[in-house]
Number of protein chains: 2
Amino acid sequence: MTLILSNADVEQLLTMEDCIAVLEEAYTELAHERGVSRTRSDSITPTTAQDDALYSLKSMDGVIPKLGVGAVRINSDIITWPKVGNNVRRVKVPAAPNKRYTGLVLLFSSDTGEPLAIMPDGIMQHIRVGAANGLGVKYLARENCSTIGILGSGFQAETQLTAACAVRDIKSIKCFSPTKSNREAFCEKMTDILGIPVTPVDTTEDAIGDVDIIMCASNTVDPIFFEQWLRPGIHLSSIKRPEVEPSAILKCDRVFVHTHDGKPIHTLTKDLQLPEAQENKGWNIAAGIDFGALPTLPQLIAGMKEGRQSDSEITCFLNNLGLGYQFAAAGSVVYKRAMEKGMGHNLPTDWFTEDVHP
Amino acid sequence: MTLILSNADVEQLLTMEDCIAVLEEAYTELAHERGVSRTRSDSITPTTAQDDALYSLKSMDGVIPKLGVGAVRINSDIITWPKVGNNVRRVKVPAAPNKRYTGLVLLFSSDTGEPLAIMPDGIMQHIRVGAANGLGVKYLARENCSTIGILGSGFQAETQLTAACAVRDIKSIKCFSPTKSNREAFCEKMTDILGIPVTPVDTTEDAIGDVDIIMCASNTVDPIFFEQWLRPGIHLSSIKRPEVEPSAILKCDRVFVHTHDGKPIHTLTKDLQLPEAQENKGWNIAAGIDFGALPTLPQLIAGMKEGRQSDSEITCFLNNLGLGYQFAAAGSVVYKRAMEKGMGHNLPTDWFTEDVHP
């Protein structure tokens, strides 16, 4: 049978601890090239959904023979780029029936080829981003870190904090995001979840002025962290390439990226222009940073590259681009647990396989 | 609702004529860059399935705004490369439960993002390859063509002939393939289907010696058609890059390829080597043919490049690489017809969408 799972199932089945553990194993495989990851691609066209929107069909694949799985993650998105405050954001529109988003993970067996499970990507997406940055904290931040300042109060911020707290004994957290009511609601929620004080503050400087770990967790396409805010001993964590000002990256003592996949492969209809593409382009050229030359998180975890060498070094992890490979790893845990617990809709595997040679 | 369709459904819903018509429209969109196609990628690793096999997770995407659809085609394959006669073949192993293959087409709306349908790729795969080469015949072969010689008697050969007969008034066909019993069974079947004599012959030369159209429809990774067999006025049709000897390609008056996507993007685990990759590499280097400089079928159909200019020219269409884009086009027809006829399993679209921002 092939399992159809929901976000509620994934939320119940995939803990942050499990996701960090399976990614740690999977990244080691990847660093040794015993697993493979196919660069994300975005096919982008006009859409009739709404005037200021574009359609994006995004896919990314990964295979981990050691875990016996491969995965394809697909997003079929209606995207807009509204300006919020001074920053342009990338926002998906829930245009599917019942105002829903369309994102799927298809999990396959690398031993038989069969489709094991189909599940939405939303919960897994947040947990795996959190887990990757959590591994950045685990391998780069000072052992005695106890405080975090986070910029952002959206869905990514929640899993960023959960992940950091899973790998370090964190005592208190401060949060800034541009909308007061958002950051207040977020801090109340996270205080409950984490059992430690998570405090809203009025400026970026208040959030990051005297903490051990600084986490950027925004959906901006413009920088939100600047060079002037660097201090000895901190660990700087980012979930998106544009968040950190290039000159700040250049000043860090150790910088690791998630992957050498420089950017998604964009295929666009004629004359289309993406706000984010323009931003990224300007940003890269200005910076003169060769991301392909920076060491990766998988290399760090596999012991191929050295991490922090002293308490005074500034370390930085840039989660520059997501990998379908992560969904194969997290998916393998979800599938195993779902089978153990008998969860999900069981559909005949024959519905998703064939006797015709394709 | 989201439709789950079977190969039997697709076979009933997608005629060769419909597929040729929708591809003609879709290719015109592609040539004008109003649709987009993402190059096929193969992620390849070891597998425990059997000793001489590898695992390949293949994906390809396409979006056609005019038809309101995007598609991802996925193959989760166990592959072997046996030697049959003098030629190495690429053969998929049905290793999924009930000895089945795993190939899927996921069809999405480019207007809402929602998943419209999930179906196996097998039948559609053969029809769309046939339809593409059929369009090659339609736009390149002499108007008065009436005979075909075909090399190959497998699943691709059937749709190649059906497609050619849909665009030209064909009176008789000859077929050669290495195994006598295969070509005899094939000819009997195709005589029934097409209602014209399809005759098995004992050698390649007997099949192609005096016909108007020569079709290669093999699964070889070595050449099966050679320069010495070219004659004025013929149309040469191939479904795979290696089938035609490079020097034969160079001698044709008009050569069109399917796409400028030169080859699949292969991502392999360390030290893996593919028989087909080695073959293709040798073949390309020896040939000195710049496939990226050859005009494409979409450009031909859109009137951007000139086709045959006289009855004596030798024309050639090389279906060098498949496109996910074709599955979006064919899928849109299948979906529309299935909805009209109430076919397939209807699953709640909510199973494949989400309220969590991914």
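**View 1. Where chain A and chain B touch.** The contact is built from 68 residues of chain B and 68 residues of chain A, where two residues count as touching if their C-beta atoms, placed from the backbone, lie within 7 Å. This is a predicted model: local features need pLDDT of at least 70, side-chain atom pairs count only at pLDDT 80 or more, and totals for chains, interfaces and linings use all residues. Residues are numbered from 1 along each chain as its sequence is written, while chains are lettered from A and ligands numbered from 1 in the order in which they are written.

**View 2. The two copies and their axis.** Turn chain B by 180°, shift it 0.0 Å along the axis, and it lies on chain A with an RMSD of 0.0 Å (a least-squares fit on the C-alpha atoms of residues with pLDDT of at least 70 in both copies). So the two copies are related as by a two-fold rotation axis. In chain B, look for Ser59(B): its C-alpha is the nearest to the axis, at 4.3 Å. The copies meet through the same surface, because 100% of the interface residues of chain B are also interface residues in chain A.

**View 3. Helix α10 of chain A.** Here's α10(A), residues 324-341 (helices are DSSP runs of H or I, at least four residues, numbered from the N terminus). It's mostly covered, with 13 of its 18 residues buried, meaning 20 or more other C-beta atoms lie within 10 Å of a residue's own, all placed from the backbone. Just after α10(A) comes Gly342(A), with a positive phi of about 65°.

Definitions and conventions:
Helix = DSSP H or I, 4+ residues; strand = E, 2+ residues; numbered from the N terminus. Expected span 1.5 Å × (residues − 1). Buried ≥ 20, exposed ≤ 12 C-beta atoms within 10 Å, placed from the backbone.
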